[in-house]
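Hi,

Here is the structure I promised to hand over. Please have a look before you set anything up.

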Amino acid sequence: SDAAWDGPANEKRVKSGVEIVEGRRDFPGLLKGSRILITALGVTVYEAAYFRIPTMIICNYEKDREDGMRLERLGFCRLLGYFRDLSSHGIAHAVKDALSSTGHILKAAPRSVSPDGRGARRIERLLIRTHEEPSR
């Protein structure tokens, strides 16, 4: 599909090519096949960065704006704003603009700031090393 939205609805496909998803088991597979992702702040932003999927963020809480702006400055996403301030028309326009060849081209997170997918392995090694070290 053109876009995936990780939002509060049962999985369903909409005529426009947008797939609304909640609780999908093969979420990485969904991300890999998407041209753009709309989500709230959370781990999904980093998963999308790993797969280099252009991402738009909708804040669930007003306090999320600052974090969203920081991620936008780093190149992880485009911040759409606080959900109560947004309309479905405005979101649709932003997606259309991002996907159009003449509009604002939303780029995936630059490789320099994209997660490498090996963080869990590094944490595991650190925990094992810490556990194996004798107490001082």
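Below is what was found in the model, which is predicted.

**Strands 4 and 5**

Strand 4 covers residues 36–39. Its side chains alternate: Ile-36 and Ile-38 point one way, Leu-37 and Thr-39 the other. All of them are buried. Strand 5 covers residues 55–59. It pairs with strand 4 in the parallel sense, over three bridges. Leu-37 has Thr-55 of strand 5 as its bridge partner.

**The connection**

Helix 2, residues 43–50, belongs with these two strands. Together, strand 4, helix 2 and strand 5 make a β-α-β unit, and the unit is right-handed.

Thr-44 sits in helix 2. Is Thr-44 buried or exposed? Its relative accessible area is 12%. Buried means under 20%, so Thr-44 counts as buried. Thr-44 and Leu-31 are 13 residues apart along the chain. Their C-alpha atoms are separated by 9.6 Å.

**Asp-64**

Asp-64 is in helix 3, which spans residues 64–74. Asp-64 is buried, yet has no salt bridge. Which side chain of opposite charge is nearest to Asp-64? That is Lys-63, 4.8 Å away. A salt bridge has to be within 4 Å, so the pair with Lys-63 does not count as one. Leaving aside neighbours within four places in sequence, Asp-64 is in contact with Leu-41 and Cys-59. Cys-59 falls in strand 5, residues 55–59.

Best wishes

How values were computed: Residues numbered from 1 in each chain as written. Predicted model: local features only at pLDDT ≥ 70, side-chain atom pairs only at ≥ 80, totals over all residues. Heavy atoms only, no water. Buried < 20%, exposed > 50% of the residue type's maximum accessible area, 1.4 Å probe, protein only. Helix = DSSP H or I, 4+ residues; strand = E, 2+ residues; numbered from the N terminus. Pairing = 2+ DSSP bridges. Right-handed = clockwise from strand over helix to strand, strands pointing away. Lys, Arg positive; Asp, Glu negative; His and termini not counted. Contact = heavy atoms within 4.5 Å.
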